[in-house]
Amino acid sequence: MSDEPTAETPASPPLSTGDIPETFQILSNREPYEHTYDNGDIAVSKPTGGLTTALDGVLQETGGAWIAWGSGDADFDPSVVTDGNEFRPAAGHDDYVLHRLDLSKREVREYYYGYSNQVLWPLCHLETEHVVYDESFWTAYSAVNERFGETVSTDPDGVVWIQDYHLALVPRVVRDGGGDAVTLVHFWHIPWPPVETFETCPQRRALLDGLLANDAVGFHIERYRERFLECVAELVPSAAVETDAGTVRYDGRVTETYVAPVGVDVRASAPPDELRSNPGWQRKKAAYDIDTSKTLAVGVDRLDYTKGLVEKLAALERVFERHPELREELTLVQKVTKSRERIPSYRRYDQRVLERVEAVNARFRTDGWQPVIYINERFDRESLRGLLRAADIGAVASRRDGLNLVAEELVYGTRDDPAVLLLSEFTGAAELLTDGPVRINPFDTRAFAEAIVRAVEMDDEERRHRHDQMLDDIERHSLHRWLDTHVDLFTRRLD
Ligand code: ADP
Ligand code: G6P
């Protein structure tokens, strides 16, 4: 959700960073700071999302380099970066440097909008009808991965922590470029698909070859790791997979796999009751006429076809059809963030969702009420948290989702006034929040609608009980646990 700047959020508190290596580098497609021209000035914003904020907090603490695509239009202004395209964030450790890669328009089109988001993203989310195999996409993806890889320092005592599906070939580039001894750890933030889907990818071998050049590859949940190992076993004949140990011996190296779900930053979050009076949220609430005395179902999603927005609206429509008593009582506040808009299937989806919202509103609206309040506008971080805090029901309907951090944020953000979480079975979060959510299948409109009614009618005792269970799970899988797991992993690899 990088297209929305956020207000400053408190950086994550320190890790046990004593063991962070001398040369520590983070690689991701998305950068933690973006500069843009703004009426003759240059504005800096932090792209949204828990991950860049958390990793930024780590580098502020430890120092190190972050290598990422410079996506802001003022990112390379000489008043912002050095000749070497380096930007030093003012906050934090003196050695913290953001190294920006200046990708050409064509590279952005073919590597980011192309292979990353029209091949790997839909493939891994099992949305194969959105996959577009264009030869130029792969060429650009390989070339940009090469550029990232060549920027890495290959100090044998160093650690390179690579994020996500945009950079699958980087580990191989680093090894081939003489970085044989540097520790490479890769975290894959999205689902890993079943072999029957992954094997349809023409570049399947090269992608696996790239990832197997890592010392370790991590996933949110066990199932993704198992599928990854299955793909290696089936598609890379020269690899020896030890399923029980979760390791792969290939090309003279042993790659381990691990499971470590990203989680909520439970230490940085202010108590939710402080948000009631937050002026930003109060303004938004008034502007959108959000009546918190009624039952509010809240959704916060990127405008992405994986998020099940059409399915959510279909279930809601059925609720109002079958339960007229809930009209004027239940409102869905659906906040969306535009995403990857240059991709035709994203633009079409945007249009489709809007049409569905208008149709549901046209059908059931009354004088003083409309069933869906659709918000497609920038919210700062505090206003967003205010919205989450106002939820009586959290509605997460993803058709497929690596984790879905919003689900956990909805629960954590309502800890003083528990919300019911309606959670799609097809999210990584559903494997971690085992008992607390009301699980839904977004494709089963009838059952989804019944689950919404059940959530509206749930008594306080059950609501509280389910919420407590979810809070336990969330605290157990916090963001700090994810970071600590990685620090332990780096330390072990360096010993
Ligand atoms: P995805 O990564 O697919 O977009 P997630 O739900 O896993 O979905 O993560 C989205 C992250 O972006 C969450 O941490 C959410 O709070 C954050 N986010 C969404 N909208 C905003 C916003 N307006 N301001 C700040 N953070 C936001
Ligand atoms: C998912 C991906 C991230 C990505 C984010 C926002 O969470 O796993 O790598 O940064 O979506 O998408 P964007 O294309 O805007 O970076």
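A residue counts as buried when its relative accessible area is under 20%. Keep that cut-off handy for these exercises on a predicted model.

**Exercise 1. Look at helix α7: how does its reach fit the expected value, and which of its residues are buried?**

Step 1. Start with the length. Helix α7 covers residues 222-235, which is 14 residues. From its first C-alpha to its last it reaches 20 Å, close to the 20 Å expected at 1.5 Å a residue.

Step 2. Now apply the cut-off. The buried residues in α7 are Y224, R225, R227, F228, L229, C231, V232 and L235.

Step 3. Check what lies over them. The cover includes the helices α5 (195-198) and α6 (204-211), along with the strands β10 (216-219), β11 (240-242), β12 (247-250) and β13 (253-259).

**Exercise 2. Describe how α6 packs on α7: what are the angle and the distance between their axes?**

Step 1. Here's the general idea: two packed helices are described by the angle between their axes and the distance between the axes.

Step 2. For α6 and α7, the angle is about 120° and the axes are 11 Å apart. That makes the pair oblique, since 120° falls outside the 65 to 115 range for roughly perpendicular and isn't over 145 either.

Step 3. Add the handedness: the crossing of α6 with α7 is left-handed.

Step 4. Find the residues that touch. From α6 come R204, R205, L208 and L211, and they meet F228, C231, V232 and L235 of α7. Sorted by class, this contact has six nonpolar, no polar and two charged residues.

**Exercise 3. Do the same for α9 and α14: are they roughly parallel or roughly perpendicular?**

Step 1. Helix α9 spans residues 309-322 and helix α14 spans residues 445-457. Their packing angle is about 65°, with 8 Å between the axes.

Step 2. Angles of 65 to 115 degrees count as roughly perpendicular, so that is the label for α9 and α14. Their crossing is right-handed.

Step 3. On the α9 side, the contact uses E311, K312, A314, A315, L316, R318 and V319; on the α14 side, T445, R446, F448, A449, I452 and V453. By class, that gives eight nonpolar, one polar and four charged residues.

**Exercise 4. Is S383 buried or exposed, and which residues does it contact?**

Step 1. Locate S383: it sits in helix α11, residues 381-389.

Step 2. Its relative accessibility is 1%, so S383 counts as buried.

Step 3. Skip its neighbours within four places in sequence, and S383 is in contact with N278, G280, W281 and K284.

Technical notes
Residues are numbered from 1 along each chain as its sequence is written. Chains are lettered from A and ligands numbered from 1 in the order in which they are written. This is a predicted model: local features need pLDDT of at least 70, side-chain atom pairs count only at pLDDT 80 or more; totals for chains, interfaces and linings use all residues. Side-chain values use heavy atoms; hydrogens and water are left out. Axes are lines fitted to C-alpha atoms, for helices over the stretch in contact, and angles run from 0 to 180 degrees between N-to-C directions. Helices (H or I, at least four residues) and strands (E, at least two) are DSSP runs, numbered from the N terminus. Angles under 35 degrees count as roughly parallel, over 145 as roughly antiparallel, 65 to 115 as roughly perpendicular and the rest as oblique. A crossing is left-handed if the near helix is turned anticlockwise from the far one by less than a right angle, and right-handed if clockwise. Contact means heavy atoms within 4.5 Å. Ala, Val, Leu, Ile, Met, Phe, Trp, Tyr, Cys and Pro count as nonpolar, Asp, Glu, Lys and Arg as charged, and the others, Gly among them, as polar. The expected span of a helix is 1.5 Å times one less than its number of residues. Buried means under 20% relative accessible area, exposed over 50%, partly exposed in between (1.4 Å probe, protein chains only).
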